Amino acid sequence: MKALYYETFSGPVSVADVPVPEVPDGGALVRVGASGLCRSDWHAWAGHDDSVHLPHVPGHEFAGVVEAVGAGAERWRPGDRVTAPFVNGCGRCEWCRSGQAQVCPDQTQPGFTHWGSHAEFVAVRAADLNLVALPEGLPDSAAAALGCRFATAYRALTARAGLRPGEWVAVYGAGGVGLSAIAIARALGARPIAVDRSPAALEAAARIGAEHTLTAGPDVAEAVGELTSGGAHVAVDAVGSAETAVAGVRSLRRRGRHVQVGLLAGGLPVLPLDRVIAWELDLLGSHGMAAADYPGMLALVASGDLRPDELVGRTVGLAEAARLLPVTAPSTGITVLDPTLP
């Protein structure tokens with residue numbers, strides 16, 4: 001099969017002919033229709049994740065069609081349209097059995113623990129637990145983002161922050177996860193504020209429902225406080241830096257909830273724990289979403305309140321994706337790889 005491929009961290013990314021993955025017992029082989037290019041793919045390529053072993057095929061959020069199923073898989077058949085969360089549970093441990101596969105200690109992640117979806121085919125372990133059926137009418141290009149960015153944002157706002165209608169939510173970073181969080185917050189009846197350095201990103205945030213947009217800077221937490229008459233009820237760090245994590249906490253009102261989604265590859269922040277104590281703030285981590293929690297998000301998509309297709313900026317082929325993957329400059333919207341394109 002054709003796939004994006006690299007042999008060294010931070011090294012060249014090429015389009016290569018590599019073997020099609022074997023169908024794992026209990027798993028499935030999926031023919032990829034679309035695969036999102038995500039910042040996490042860059043972290044893997046840069047060597048920031050010790051689960052990645054070289055040589056490697058990246059890609060962890062995808063939509064496609066089941067090509068084959070392994071022995072023991074019962075729920076799926078060839079031809080089924082599916083996606084999957086980027087964290088795949090083992091299906092056996094107490095966390096998976098309780099519906100919390102996103103923290104499974106034996107989890108696998110396509111594009112990290114094994115070869116991923118920036119290819120014509122990708123293998124998914126424990127298919128009965130991890131695959132999710134796609135609704136009719138949702139194109140692969142939009143569905144690809146459901147596995148990581150939308151799922152991560154949805155769970156961060158609902159299961160972790162408990163976001164309620166009418167609440168203010170400050171979203172730091174208007175990239176893929178941040179824009180997803182803004183769209184979901186608006187669909188849930190909340191009042192999103194977007195914070196970013198990029199005018200284009202802020203424009204995109206306003207277009208999909210941000211009530212206010214703020215340019216990132218040293219005084220942005222105070223600006224959030226002024227706009228919201230005391231601070232946001234919820235803050236989401238969708239960037240993953242010491243600066244944005246601290247700003248998120250400082251932008252909260254008393255008894256607010258901060259959700260850390262962005263990966264902190266550049267070092268850990270020094271958080272204002274004196275305020276956390278005095279104001280009874282909640283500091284929450286969020287790591288993807290289990291397949292069991294997809295129905296709520298898909299219901300928003302089916303109703304038309306949430307439209308992931310609005311965030312798809314462009315679709316590229318393998319050669320352009322190989323050029324883009326090492327690029328650190330932020331892009332507006334979601335870029336999707338179609339592996340059938342050259």
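**Exercise 1. Describe the largest nonpolar core and name the residues with the most contacts inside it.**

The largest nonpolar core, that is, a set of buried Ala, Val, Leu, Ile, Met, Phe, Trp, Tyr and Cys residues joined through side-chain atoms within 4.5 Å, has 54 residues, and those with the most contacts inside it are L146, F150, L157, V169, M297 and L306. Here buried means under 20% relative accessible area, exposed means over 50%, and partly exposed lies in between, with a 1.4 Å probe and protein chains only. The model is predicted, so local features need pLDDT of at least 70 and side-chain atom pairs count only at pLDDT 80 or more, whereas totals for chains, interfaces and linings use all residues. Residues are numbered from 1 along each chain as its sequence is written, and side-chain values use heavy atoms, with hydrogens and water left out.

**Exercise 2. Find which element supplies the largest share of this core, and what L146 touches.**

Step 1: the largest share of the core, eight residues, comes from α6, where helices (H or I, at least four residues) and strands (E, at least two) are DSSP runs numbered from the N terminus.

Step 2: L146 is in contact (heavy atoms within 4.5 Å) with L134, L138, A151, Y294, M297, L298 and P308, if residues up to four places away in sequence are not counted.

Step 3: apart from this core lies another, of 17 residues, including W42, W45, V316 and L325.

**Exercise 3. Determine which parts of the chain are linked by the salt bridges of D140 and D293, and how accessible the partners are.**

Step 1: a salt bridge is a side-chain nitrogen of Lys or Arg within 4 Å of a carboxyl oxygen of Asp or Glu, and by this rule the count comes to 14.

Step 2: D140 pairs with R81, the closest N and O atoms being 2.7 Å apart, and the bridge links helix α4, which holds D140, to strand β5 (residues 81-83), which holds R81, across 59 residues. D140 is partly exposed at 23% relative accessible area, and R81 counts as partly exposed at 24%.

Step 3: D293 pairs with R155, with 3.9 Å between the closest N and O atoms; D293 lies in the loop between β13 (282-285) and α11, and R155 in helix α5, 138 residues apart. At 30% relative accessible area D293 is partly exposed, whereas R155, at 10%, counts as buried.
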